[in-house]
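Please take a moment to look over the sequence and the model before reading on. The paragraphs that follow move from one helix to its surroundings, and then to the chain as a whole.

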Amino acid sequence: MFLKNKATVILGTQWGDEGKGKLCDLVSNQADVCARCQGGNNAGHTIVAEGKRYAVHLLPSGIVSPDCVSLIGSGVVVHLESLFKELDDINVQGINTDGRIFVSDRCQLVFDFHQMADGFNESELGRESIGTTRRGIGPAYSSKAARSGIRVTSLYNKDEFKERLELIVETMRKRYSSFEYDIQAEIAKYEALAERLKPMVVDSVVYINDKIRDGSKVLIEGANALMLDIDFGTYPYVTSSNTGVGGALTGLGIAPSLIGNIIGVVKAYTTRVGGGPFPTELLDETGEKLQKFGAEFGVTTGRPRRCGWLDLVVLKHSHLINGYTSLNLTKLDVLDQFDTIKVATSYTINGKETSTFPADLSLLQNATINYKTFKGWNSNISKCTSFDQLPEECKTYVNFIQNFIGVPIEWIGVGVGREDMIHIPQN
């Protein structure tokens, strides 16, 4: 799992909601540090441990493991009020976070006006809206790219903070005619927030590199997933950060040579929240069945997820970019009650078969999806604790996926709990 002086990375392979939080929670029990590298509180991970359900958005999943320190890296955009609410909520649930959560001094801040702008932008797009969570993540990254954003370190330079805040609010007012904002109230609010945050602030570049080099077990937790990557996903229906292994490097400030295992988390079928193409989407009773049995509703927004069969074209594209060393196949038990199960193996576009995912999304509109059909196993696999205990039809399904992609499946999720995970040791 952890190679000497190397960080282990866990990433989503599809459009998010694959169940990364569960594996991150399991691995965090062995880790010294669990670090978030990008995204914001638009991401949501659900962890079920010892009968309790925890929902985290900004906090790394490692926060549930009492001996693991959590780090929010510089590639993350942070809405401080949301961060503190998460901390308060998880403390009420019995998790002691004192001295176990650190925030990079280079993190960009998400303000309420970013969230307002997010809503304005989506409304302007109308039917072409992207389907964001309206948590202000895109506008915050836009401010960062425009070099007008405000970082955590600026909270402790009052003159700089005031100057930068006034500048960005003035820009917002010019952009949005109905924009109203009380700057003085915001300054006062952030003085109090900064005071609470201060003990958590660290130079994360030095912190994470020191931890890796001193032999600490470091887990890097990606948010969102590869098909939502700003460069390699289904643009423009994507998030605003690099969600692949590249984002792990730039979001934490570590060298490629310090990355060890890269674990891809893939749902046994496919889901997507928001707008954008979804080649294997099922707009019928089968899709509804997947949604119902899989409890496919967003952790962050509560929105129902679109559902469809597993798409191996997407998974190959994802592996090409991230280079997974192993996979975690999640929610396999959701398929227990299906007589037949399909996986997409290629597309036919303009009369030509392809196994690569196109950049031009319009090509997918009239594409034919080529499937391989499997016989379902029609039995409850939730009590299985080893690969050998799975039904033969289920083994066939799992083996086809790993052979097609060329990456071993090391974990198989067969239920919602922390313990409901089959581990297949790798040589």
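**A covered helix and its surroundings**

Helix α8, which spans residues 245–252, is mostly covered, since six of its eight residues are buried. The buried residues of α8 are V245, G247, A248, L249, G251 and L252. Just after α8 comes G253, whose phi is positive, at about 75°. This description, like those that follow, rests on a predicted model.

On the other side of α8, the loop that runs between β10 (218–221) and this helix holds P236. The peptide bond that joins Y235 and P236 is cis, with an omega of about 10°. In the sequence, V238 can be found a little further on, and its C-alpha atom is separated by 9.8 Å from that of G138, although the two positions lie 100 residues apart along the chain.

G138 itself belongs to helix α4, which covers residues 137–145. Because its relative accessible area is 21%, G138 is classed as partly exposed, the limit for a buried residue being under 20%.

**Two residues with positive phi**

From α4 the reader can go on to the loop between α4 and α5 (158–175), where R147 is found. R147 is not a glycine, and yet its phi is positive, at about 65°. Is R147 buried or exposed? With a relative accessible area of 69%, R147 is exposed, because the cut-off for that class is over 50%.

N378 is another residue that has a positive phi without being a glycine, in this case of about 45°. Its place is in the loop between β18 (368–375) and α11 (392–405). N378 has a relative accessible area of 45% and is therefore partly exposed.

**A buried aspartate**

Which loop holds D420? D420 is found between β19 (409–413) and β20 (421–423). The residue is buried, yet it has no salt bridge, and the nearest side chain of opposite charge, that of K22, is 5.2 Å away. That distance does not qualify because a salt bridge requires a side-chain nitrogen of Lys or Arg within 4 Å of a carboxyl oxygen of Asp or Glu.

The side chain of D420 does, however, reach the backbone nitrogen of V416, at 3.5 Å. When residues up to four places away in sequence are not counted, D420 touches K22, S382, I412, G413, V414 and G415. K22 thus appears among the residues that D420 touches, even though no salt bridge is found for D420.

**The chain as a whole**

Stepping back from these single places, the secondary structure of the protein chain comes to 11 helices and 20 strands. The C-alpha atoms fill a box of roughly 65 × 50 × 40 Å, taken along the principal axes. For 427 residues, a compact globule would have a radius of gyration near 22 Å, and the protein chain, with 22 Å, agrees with this.

Of the 427 residues in the protein chain, 56% are buried. Among the contacts in the protein chain with a separation of 6 or more, 76% are between residues 24 or more positions apart. The accessible surface of the protein chain comes to about 18,000 Å², and carbon and sulfur atoms account for 49% of that surface.

Notes
Residues are numbered from 1 along each chain as its sequence is written. This is a predicted model: local features need pLDDT of at least 70, side-chain atom pairs count only at pLDDT 80 or more; totals for chains, interfaces and linings use all residues. Side-chain values use heavy atoms; hydrogens and water are left out. Helices (H or I, at least four residues) and strands (E, at least two) are DSSP runs, numbered from the N terminus. Buried means under 20% relative accessible area, exposed over 50%, partly exposed in between (1.4 Å probe, protein chains only). Lys and Arg count as positive and Asp and Glu as negative; His and the chain ends are not counted. A polar contact is a pair of N or O atoms within 3.5 Å; within protein, one must be able to donate a hydrogen and the other to accept it, and residues adjacent in sequence count only if both atoms are side-chain atoms. Contact means heavy atoms within 4.5 Å. The radius of gyration is taken over C-alpha atoms; the globule rule is 2.2 Å times the number of residues to the power 0.38. Accessible areas come from the Shrake-Rupley method with a 1.4 Å probe; for residues, only the protein chains shown count as cover.
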